[in-house]
Amino acid sequence: MNPPKWSEPYFDISVPNNVTALVGKSAYLSCRVRNLGNKTVSWIRHRDIHILTVGTYTYTTDQRFQTTFHRDINEWTMQIKWAQKRDAGMYECQISTVPIKSYSVRLNVVDPASDSLFDRTYNDERFMQADTYQNYNYRHNGRLFNVPTATILNGPDLYVDKGSTINLTCAIRFSPEPPVSMFWYHQDKVISSDSPRGGIRIHTHKGDIAASSLLIEDADLGDSGKYSCDPSNADVTSIRVHVLNGERPEAMQTGTSTISDQSAHTLILCIIISICNLFRQHIQLSKINVKICKKTNVIIR
């Protein structure tokens, strides 16, 4: 006897089916399956009907393809490492039912350095200052797609006093999946919270807008220089930090005074929530933002 219709596997169609990735970065294609039961999920490349992964097993000899199962949300995410132009096209997430059920996802792969269709604009002042925000768009067949973009707030230059705390926040927009990794670099050397220097903390938030915050306490002149944020799914972005020993240059844009641990954490949280509020304009997020800021007496400007 056939099982009732309501118990059969089906796809959650709210998952994005049009994904854009950058050349050389990872691309993430996802499908969400309900009531999977004893069936299996496979990813197929449409152009040659090539089976890429079955479950979490990589079926192809191209080891750039890897699927992860997120059990809490029943989501199967296929990662394509070091995406190339040739990877662009249609992919199918298939359930081993009879007949087979499939969910199609289009992958667009763009190269900012060479693609003549690649537009770069600075036009979203709601998210951050116009001179620091980078919004990448890709036009294909008359449609405009957003590309995952990383930006460090308060750039391109940050001025702080010696002995104060350097506070940097890197935000990722237009990414259907949070980045697998986000690394911070100082003068092209990776920054670690267990560095012998001490006083370094890195906090990562993965939500509608993924963000990573870097806190460096007791700033010294040696902490000056270029700081870079390198997420796995977007181009690296940088900011130049100037640690001042009493001088006050005219070009100084902002400063940071010594702040307590609790205030630093609260300020970071409020910044992230404010970004989500301005971009999503969601009533419930606004209420959460107000509640947190009232409890901690922090004012967001």
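**Entry 1: the chain as a whole**

I looked up burial first: of the 301 residues in the protein, 44% are buried. I note that the model is a predicted one. For the accessible surface I obtained about 16,400 Å², with 51% of that area belonging to carbon and sulfur atoms. The secondary structure amounts to 22 strands and 2 helices. I then took the contacts with a separation of 6 or more, and found that 60% of them link residues 24 or more positions apart.

**Entry 2: an open sheet**

I traced an open sheet of 4 strands, in the order 1-3-8-7, with antiparallel pairing. Its edge strands are strand 1 (10-11) and strand 7 (65-70), each of which pairs on one side only. I recall that strands of a sheet pair through backbone hydrogen bonds, either parallel or antiparallel. Strand 1 and strand 3 (residues 27-34) run antiparallel and are joined by 2 bridges. At this pairing I found Phe 11 opposite Val 33 of strand 3.

**Entry 3: Gln 79**

I next turned to strand 8 (residues 75-80), where Gln 79 is located. Is Gln 79 buried or exposed? Gln 79 counts as buried because its relative accessible area is 15%, under the 20% cut-off. I asked which side chains make a polar contact with the side chain of Gln 79. One is that of Ser 26, at 3.0 Å, and another is that of Tyr 28, at 3.4 Å. With neighbours within four places in sequence set aside, I listed Ser 26, Ala 27, Tyr 28, Arg 64, Phe 65 and Gln 66 as being in contact with Gln 79.

**Entry 4: Gln 94**

I made the corresponding search for Gln 94, which is found in strand 9 (residues 89-95). Gln 94 is classed as buried because its relative accessible area, 18%, is under 20%. Its side chain is joined to that of Glu 92 by a polar contact of 3.0 Å. Leaving aside neighbours within four places in sequence, I found Gln 94 in contact with Phe 11, Thr 40, Val 41, Ser 42, Ile 44, Ile 100, Lys 101 and Ser 102. Phe 11 had already appeared in my notes, opposite Val 33.

**Entry 5: a surface patch**

Lastly, I looked up which residues make a nonpolar surface patch of about 340 Å². They are Ile 51, Tyr 57 and Tyr 59. I placed Tyr 59 in the loop between strand 6 (57-58) and strand 7. Strand 7 is the edge strand recorded in my second entry.

Notes: Residues are numbered from 1 along each chain as its sequence is written. This is a predicted model: local features need pLDDT of at least 70, side-chain atom pairs count only at pLDDT 80 or more; totals for chains, interfaces and linings use all residues. Side-chain values use heavy atoms; hydrogens and water are left out. Buried means under 20% relative accessible area, exposed over 50%, partly exposed in between (1.4 Å probe, protein chains only). Contact means heavy atoms within 4.5 Å. Accessible areas come from the Shrake-Rupley method with a 1.4 Å probe; for residues, only the protein chains shown count as cover. A polar contact is a pair of N or O atoms within 3.5 Å; within protein, one must be able to donate a hydrogen and the other to accept it, and residues adjacent in sequence count only if both atoms are side-chain atoms. Two strands pair if DSSP finds at least two bridges between them. Patches are made of residues with over 30% relative accessible area and no salt bridge: like charges are joined within 9 Å, nonpolar side chains (Val, Leu, Ile, Met, Phe, Trp, Tyr) within 5 Å. A salt bridge is a side-chain nitrogen of Lys or Arg within 4 Å of a carboxyl oxygen of Asp or Glu.
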